[in-house]
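I opened this notebook page to look up the ligand site, the cavity and the pockets of one structure. The entries below follow the order in which I looked.

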Amino acid sequence: MSVLLDAEPAPLAVDRATTALVIIDMQRDFLEPGGFGETLGNDVGLLGAAIGPCRAVLAAAREAGLLVVHTREGHAPDLSDAPPAKVARGAPSARIGAPGPMGRILIRGEPGHAIIPELAPAPGEVVIDKPGKGAFYATALGEILAARRIATLLVCGVTTEVCVHTTVREGNDRGYRCVVLADACGSYVPHFHEVGLAMIKAQGGIFGWVSNTAAAIAAIRAA
Ligand code: TIU
């Protein structure tokens with residue numbers, strides 16, 4: 001059954017069968033001290049506010065049987081999938097692959113690469129390991145969504161203007177209706193969070209829609 005999800009610039013019709021929840025990069029490397037986010041010079045505490053809303057919408061999605069996708073940004077231990085131009089940025093002692101308090105920074109299999117325990121994937125949920133900022137680039141996400149006939153993505157996670165935005169732009173170009181849940185996203189730069197959301201819904205929804213977890217949960221339950 002299709003229901004209207006309250007969103008900007010306009011409400012949109014969603015139904016459970018063709019909607020997926022996509023939680024972007026809620027990893028220790030971005031949310032906890034000592035990880036990649038902090039090595040870039042950021043206050044990682046700014047992202048904590050997104051955890052509760054992500055948990056709430058994840059619980060509703062599980063209850064309703066929505067397809068749930070978790071993503072993780074990271075690289076192979078030999079850095080074979082890490083472009084040198086990406087690795088070379090930042091202080092050498094704090095670059096991707098360097099040792100840190102949560103293991104090697106942004107490397108798959110290290111403690112820092114894991115999704116935070118509050119949002120740990122459940123058995124059967126899709127986990128996409130991605131080397132880039134966007135979740136479609138160099139991953140099987142497109143094929144997985146196509147196989148399930150997914151049309152609408154409820155997108156949340158971190159950070160709003162980097163990996164959430166890149167994924168929404170990629171998804172929008174591929175024909176998905178991307179709805180960003182504002183309170184379940186976060187940025188190290190609060191101003192960028194606001195501007196990033198404004199960019200998505202501007203020009204009649206040039207990249208997608210902006211909504212919030214309360215509206216999404218209500219729609220998921222009603223659909
Ligand atoms: N996941 C994600 O957004 N990766 C980043 O590097 N974000 C920053 O804001 N640095």
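How many residues of the lining of the largest cavity are nonpolar, how many polar and how many charged? I counted eight nonpolar, one polar and two charged residues, where Ala, Val, Leu, Ile, Met, Phe, Trp, Tyr, Cys and Pro count as nonpolar, Asp, Glu, Lys and Arg as charged, and the others, Gly among them, as polar.

Before going further I noted that this is a predicted model, in which local features need pLDDT of at least 70 and side-chain atom pairs count only at pLDDT 80 or more, while totals for chains, interfaces and linings use all residues. Residues are numbered from 1 along each chain as its sequence is written, and side-chain values use heavy atoms, with hydrogens and water left out.

**Cavity**

I searched the whole structure and found one cavity of 30 Å³ or more. I worked on a 1 Å grid over the protein atoms alone, where a cavity is a set of points at which a 1.4 Å probe fits but cannot get out, a pocket is an open set with protein on both sides within 12 Å along at least five of seven lines, and lining residues have an atom within 4 Å of a point. The largest cavity holds about 70 Å³ of space, a volume being the space filled by probe spheres set on the points, which are joined across faces, edges and corners. Its lining includes Leu-5, Asp-15, Arg-16 and Thr-19, and the largest share, three residues, comes from helix α8 (residues 213-222); helices (H or I, at least four residues) and strands (E, at least two) are DSSP runs, numbered from the N terminus.

**Pockets**

I put the volume of the largest pocket at about 220 Å³, and of the 14 residues that line this pocket, the closest to its centre are Phe-36, Lys-86, Arg-89, Ile-96 and Lys-133. Helix α4 gives the most to this lining, with three residues. The second largest pocket has about 160 Å³ of space, and here the largest share of the lining, three residues, comes from helix α6 (residues 160-173).

**Ligand**

I then asked which pocket the ligand takes up. The ligand occupies the second largest pocket, by the criterion that more than half of a molecule's atoms lie within 2 Å of the grid points. Among the residues around the ligand (a heavy atom within 4 Å) are Phe-30, Glu-73, Cys-163 and Tyr-188, and this shell divides into seven nonpolar, one polar and three charged residues.

I listed polar contacts, taken as pairs of N or O atoms within 3.5 Å (within protein, one must be able to donate a hydrogen and the other to accept it, and residues adjacent in sequence count only if both atoms are side-chain atoms). A polar side-chain atom of Asp-25 lies 2.7 Å from a ligand nitrogen, a backbone N or O atom of Val-158 lies 3.2 Å from a nitrogen atom of the ligand, and a side-chain N or O atom of Thr-159 is 2.9 Å from a ligand oxygen. Taken alone the ligand exposes 290 Å², of which the protein buries 92%, with areas from the Shrake-Rupley method and a 1.4 Å probe; for residues, only the protein chains shown count as cover.

**Backbone**

I checked the backbone of these contact residues as well. Val-158 and Thr-159 are joined by a cis peptide bond with omega of about -15 degrees, and Thr-159 is placed in the loop between β8 (152-158) and α6. Asp-25, in the loop between β3 (19-24) and α1 (28-31), has a positive phi near 50 degrees. Most residues other than glycine have a negative phi, and most peptide bonds are trans.
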